[in-house]
Amino acid sequence: MPYVYVKDSEGYVSKKLISKVCKGEKIISKKAYQKASGLAYYEKEFGHGGARENAGRKPKYSQPLKIQMRVTKEEKDFISYARERGLILANLMKA
């Protein structure tokens, strides 16, 4: 059962048996069929051929960012003291 790729007079493409090709249809190459049908884009975009594996975009950060802030020794000691005793800064700021 040999298949061919055809394009009709309206520009639609399809894959048909040679015996089913109609008078107004033009036989085209496989590459032209894939481009016109969008299969070439699909294969390239989703890694089913065309582009190398793992060529897509990667997440910029695999883990949340660490926020670093320069503090004095006294401020560092106070933060440690507050964490040890479970102080809630929002409550302290209200007073």
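Here is a walk through the salt bridges of this structure and the strands and helix around them. Keep in mind that the model is predicted.

Let's start with the hairpin. Strand S1 covers residues 3-7 and strand S2 covers residues 13-17; the two run antiparallel and are joined by five bridges. Between them sit five residues, and in that turn Gly11 has a positive phi of about 100 degrees. One pairing is handy to keep in view: Val4 of the hairpin stands opposite Lys16 in S2.

Lys16 is a good place to pause, since its side chain takes part in a salt bridge. Its partner is Glu25, and the N to O distance is 2.7 Å. Where along the chain do you find Glu25? Look in the loop between S2 and strand S3 (26-28). So how does accessibility look for these two? Lys16 counts as partly exposed because its relative accessible area is 22%, just as Glu25 counts as buried because its relative accessible area is 17%, and the cut-off for buried is under 20%.

Now stay with Glu25 for a moment. Which residues does Glu25 touch, leaving aside those up to four places away in sequence? They are Val6, Lys7, Asp8, Lys16 and Lys20. The link to Lys16 also shows up as a polar contact between the two side chains, at 2.7 Å. On top of that, the Glu25 side chain reaches a backbone atom, the nitrogen of Cys22, at 3.0 Å.

How many salt bridges does a search of the whole structure turn up? Three, so let's move on to the others, using the cut-off of 4 Å between nitrogen and oxygen.

In helix H3 (residues 73-85), Lys73 and Asp77 lie four residues apart, about one turn of the helix. Their closest N and O atoms are 3.2 Å apart, and the two form a salt bridge. Are these residues buried or exposed? Lys73 is exposed, with a relative accessible area of 60%, while Asp77 is partly exposed at 39%.

That leaves the pair Glu84 and Arg85, which form a salt bridge with their closest N and O atoms 3.3 Å apart. Glu84 counts as exposed because its relative accessibility is 62%. Arg85, with a relative accessible area of 49%, is partly exposed, because exposed would require over 50%.

To look back at the bridge we began with: Lys16 meets Glu25 through their side chains, and Glu25 is the buried residue in that pair, at 17% relative accessible area.

Conventions
Residues are numbered from 1 along each chain as its sequence is written. This is a predicted model: local features need pLDDT of at least 70, side-chain atom pairs count only at pLDDT 80 or more; totals for chains, interfaces and linings use all residues. Side-chain values use heavy atoms; hydrogens and water are left out. Buried means under 20% relative accessible area, exposed over 50%, partly exposed in between (1.4 Å probe, protein chains only). Two strands pair if DSSP finds at least two bridges between them. A polar contact is a pair of N or O atoms within 3.5 Å; within protein, one must be able to donate a hydrogen and the other to accept it, and residues adjacent in sequence count only if both atoms are side-chain atoms. Contact means heavy atoms within 4.5 Å.
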